[in-house]
Amino acid sequence: MKKFQLTTSMTPKGDQIKSISQLTINIKKGIKSQVLLGATGTGKTFTIANVIEKIQQNTLVIVHNKTLAAQLYSEFKELFKNNRVEYFVSYFDFYQPEAYIPRSDTYIEKSAMVNQEIEMLRLSTINSLVSSEPTIVIASVAAIYASVAPSDFEMYRIVLSKNTVRNLKQLQYDLVRLQYQRNNIDLKPGTFRLKGDVLEIAPGYTDTFTIRISFFGDMIEEIALMDTLTGEVKEKWDTYVIVPASEYIMNKKRWKESMTLIKEELKQRISDFKKQNKLLEAQRIEERTLHDVESLEELGYCNGIENYSRHLELRAAGSTPYTLFDYFYANNWLMVVDESHMTIPQVRGMYNTDRSRKLTLVNYGFRLPSALDNRPLNFDEFQAKVDKVIYVSATPNEWEIEKSNQVVVEQIVRPTGLVDPQIEIHSAKYQVDDLVVELQKQIEKKERTFVTVLTIKMAENLTDYLQKQKFKVMYMHNELKTLERAKIINDLRRGRYDVIVGINLLREGLDVPEVSLVAVFDADKPGFFRNDKALIQTFGRAARNVNGRVILYANNKTEAMQTAINETNRRRAIQLAYNNKKHIVPKTIVKPIFDDITSKDDAKVVEAYFKSNKIDFKKQTKAIGILRKEMLQASKNQEYERAAFLRDTIIELESKSK
């Protein structure tokens, strides 16, 4: 059987060596939950990759957003080139959920924009997990949302073997049953075509190859994998398994019973509304549901079909929905929760948010009560699904540590020798004037600065003031898109800006080695961005530069400040001791500054994007193609932040054309 095998010349260094050893020993000892406390820049991803290779178990890496998931996917693909590494995130580029606002009597219909590429990757994930090959899945919190039942997905598979008899007409019916559509002109993913005795199938999970089945009568003569672009034969097989064309597959054997259950629930719901004298709600739910049932019976589909999933799957009311977790069959798999201080709270809050919105729809007659069972896992269900877990964070929450019974593996030492920044406390009384002096020192050293403040108003006012003082400054706010944010960061690195002002400078993609100073205004004020964990994360923005330091502007030293300072000093001491022992002289990370765009054609596209958000279709299509090639090359070169940026850029440009 194929095994996980690292494909890299890198070897563990620093704390990575003991972290890999301890995490692996703990798993083999049967410890179900543990924490990897890894400081910024210590190579936590490489550590986890080594653990996976040593334990040889299917692994789910879950993280709190798509951007970071894309970056991790690129890294793991490079580390495990010969293994299956899959990507599972929400396939919506844009998603406005169905909702009702009673106070204004406003109904908001569901609106969504599906990304076909991500949809293929999700299907590829499920296909890999039902196969016998070892698989690593990189997922966002979309993993806790309902998916197709594994039994349904496995049932709807077609096994084709060379030199066996297969009725060609029946095979076409079977493909339609698996959600494939016949298309003799455009063979895109999820379609098939028949030319004489040759059947060509485009699997739903890829656009890089098709399957050509050559018949002699009803006998399968050849099964070949064809390159989509060149039409060349890439491989030949004796046996091939055709999987469903889409993730959501309908079990027709349950169809009649499912329709009966929907109608029975509708009848009961109308009765309940009438007893409460809610005649408008009774009429509304009757009209909407009967319209959906008619569409389901005639077309096999309706808008919002997911709201009937409980009946379509014949699940009991209140039962746990099927999710990606159900494809990790045996109790012999590992879950890695990356950036757990962010991911766990997000997982915890999703169920209640979803239920609150749907309860309003149910109470006002827009949906049947069974719609509540189309939902994400609640937190108890999420925990029950997990076998073994490693929580990974530079600042793990107390919950993760307690859940792991204090089993915390520390990875503090950076192979680069860089130490955590020095912390200074300056009075907040004259923080703006003091900052001006510090910025002048920074400019003389040709080094950059991040300033974080508490409010939008403060950020705007500070930016205006610094501009009047002739500083090259930019305000980074939450409405900036990927293209704009990345351009500002690159301009800071080039020296077009001296300083960036923001409220939340904790987000990924802000590891800028030219930044040697982080200034925190009003550090003694209460709030999420001034607690000890947020402060430690903020300090990390200056940990890529050998001259890194942090100024906390405060009139009082809060408990959160002291905790963050103590932890930073502890990590500094560990790193300095290691540097002395190994005779390491730390140096600022040297990181290339990539162009914001990759060609003159791209330049025109991005210029148009910034000016009006209206882009010439031909130029945009060409630019997207170039960007996609650049993304793949960046991944190959281990330029993971670049690859993640390019991926987000592609998504934004594609969304503008739809």
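Reader: Where is Val165 found, between which strand and which helix?

Author: In this predicted model, Val165 is found in the loop that runs between strand 9 (158-161) and helix 6 (168-177).

Reader: Why is Val165 called exposed?

Author: The relative accessible area of Val165 is 62%, and a residue counts as exposed when that value is over 50%, so Val165 is rightly called exposed.

Reader: What makes Val165, Phe216 and Met219 a patch?

Author: Val165, Phe216 and Met219 form a nonpolar patch on the surface, and together they have about 330 Å² of accessible area. Membership requires over 30% relative accessible area, and the 62% of Val165 satisfies that part of the rule.

Reader: How do you know that strand 9 and strand 16 pair?

Author: Two strands pair if at least two bridges are found between them, and strand 9 and strand 16 (residues 239-242) have 4 bridges in the antiparallel sense, therefore they count as paired. Within this pairing, Leu160 stands opposite Tyr240 in strand 16, and Leu160 also belongs, with Ile158, to the covered face of strand 9, whereas Val159 and Ser161 make up the uncovered one.

Reader: What makes strand 20 and strand 22 the edge strands of the open sheet?

Author: The open sheet has 6 strands in the order 20-25-24-21-23-22, with parallel pairing. Strand 20 (422-426) and strand 22 (473-476) each pair on one side only, and they are the edge strands for that reason.

Reader: How do you know that strand 21 and strand 23 pair?

Author: Strand 21 (residues 448-452) and strand 23 (residues 499-502) are joined over 4 bridges in the parallel sense, where at least two are needed, so the pairing holds; Val501 in strand 23 is the bridge partner of Val451.

Definitions and conventions: Residues are numbered from 1 along each chain as its sequence is written. This is a predicted model: local features need pLDDT of at least 70, side-chain atom pairs count only at pLDDT 80 or more; totals for chains, interfaces and linings use all residues. Side-chain values use heavy atoms; hydrogens and water are left out. Patches are made of residues with over 30% relative accessible area and no salt bridge: like charges are joined within 9 Å, nonpolar side chains (Val, Leu, Ile, Met, Phe, Trp, Tyr) within 5 Å. Accessible areas come from the Shrake-Rupley method with a 1.4 Å probe; for residues, only the protein chains shown count as cover. A salt bridge is a side-chain nitrogen of Lys or Arg within 4 Å of a carboxyl oxygen of Asp or Glu. Helices (H or I, at least four residues) and strands (E, at least two) are DSSP runs, numbered from the N terminus. Buried means under 20% relative accessible area, exposed over 50%, partly exposed in between (1.4 Å probe, protein chains only).
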